[in-house]
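User: I've got a protein model open and I'd like to understand the words people use for it. Can we go through them one by one?

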Amino acid sequence: MAESAKPRVLILGGVGFVGRNLTSYLVKNELVSKVRVVDKVPPATGWLNEDHKAVFKSPIVEFKSANLANQASCSKVFHDDSGAYDVVFNLATETKCGQTDEVYKERVLDVTVNCATEALAHGVKRFIQMSCARVYDCDKEESKENSPLNPWTQVDKFRLKSEEALAQTEGLSISTSKPAKMCHSLACIEHILG
């Protein structure tokens with residue numbers, strides 16, 4: 001694939017476990033022409049291994065620090081003088097249990113709404129939201145897209161609210177991944193980009 005035909009990708013929450021591995025996968029497999037990684041944690045303090053550090057030094061990888069709960073900060077990371085992003089992976093979310101509803105609203109729901117709003121405003125072709133299979137009812141059967149919803153924890157309740165807010169966003173092509181195991185998410189990336 002010609003370099004110019006490869007997508008430009010924005011990875012929100014890109015220094016975390018999934019984000020760093022996604023960045024590595026995209027760069028090593030030469031699937032993208034550019035990756036902008038956005039996180040409030042800089043790579044230097046993100047406990048990256050040597051392999052990830054090398055990937056983050058690639059000339060096609062750019063890091064920006066931002067608080068995506070802040071609309072102005074969020075808007076800045078979507079702006080790029082060299083063009084719009086084709087695909088946005090939203091991995092930015094609060095993952096710690098035991099936080100207050102206000103924290104989850106800001107770091108899960110508000111972040112998602114801000115990022116989707118900016119993606120729409122900047123002409124993003126595909127917005128991929130990372131959620132979690134824990135939004136489904138807990139039973140012994142395998143969950144499907146039409147399985148009953150019954151979030152397990154407070155953070156999962158806000159993940160579901162984020163999905164509901166995204167469903168109301170008209171004009172933006174949205175895919176939501178709800179993996180039970182994270183390795184399944186990385187297996188689908190090349191298909192999504194192709």
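Analyst: Sure. Let's start with accessible area: it comes from the Shrake-Rupley method with a 1.4 Å probe. For this chain, the accessible surface comes to about 10500 Å², and 53% of that belongs to carbon and sulfur atoms. Keep in mind that this is a predicted model.

User: What makes Cys74 buried or exposed?

Analyst: The cut-off for buried is under 20% relative accessible area. Cys74 has 0%, so Cys74 counts as buried. Cys115 also has a relative accessible area of 0%, so Cys115 is buried too. Over the whole chain, buried residues make up 45% of the 194 residues.

User: How do you know whether Cys74 and Cys115 form a disulfide?

Analyst: A disulfide is a covalent bond between the sulfur atoms of two cysteines. To count here, the two sulfurs must lie within 2.5 Å. The sulfur of Cys74 has its closest cysteine sulfur in Cys115, at 3.8 Å, so the pair is too far apart for a bond. Looking from Cys115, the closest cysteine sulfur is the one in Cys74, again 3.8 Å away. A search of the whole structure turns up zero disulfides.

User: Which elements does the chain have, and in what order?

Analyst: There are six helices and six strands. Starting at the N terminus, they run β-α-β-α-β-α-β-α-β-α-β-α.

User: How do you know what span to expect for helix 1?

Analyst: You take 1.5 Å times one less than the number of residues. Helix 1 covers residues 17–28, which is twelve residues, and the expected span is 16 Å. From first C-alpha to last, helix 1 reaches 17 Å, close to that value. Several of its residues are buried, among them Val18, Leu22 and Leu26. In an α-helix there are 3.6 residues a turn, so residues three or four places apart point the same way. Just after helix 1, Glu30 takes a positive phi of about 50 degrees.

User: What makes a contact count as one between residues 24 or more positions apart?

Analyst: Two things: heavy atoms within 4.5 Å, and a separation of 24 or more along the chain. Such pairs account for 75% of the contacts with a separation of 6 or more.

User: Which element has the lowest mean pLDDT?

Analyst: That's helix 6 (residues 182–193), with a mean of 47, while strand 1 (residues 8–12) has the highest, 97. Over residues 182–188 the pLDDT is below 50, though this stretch has eight contacts beyond near neighbours in sequence. Where pLDDT is low, the predicted coordinates should not be read in detail. The chain as a whole averages 85, and 89% of the residues score at least 70.

How values were computed: Residues numbered from 1 in each chain as written. Predicted model: local features only at pLDDT ≥ 70, side-chain atom pairs only at ≥ 80, totals over all residues. Heavy atoms only, no water. Helix = DSSP H or I, 4+ residues; strand = E, 2+ residues; numbered from the N terminus. Buried < 20%, exposed > 50% of the residue type's maximum accessible area, 1.4 Å probe, protein only. pLDDT = per-residue confidence, 0-100.
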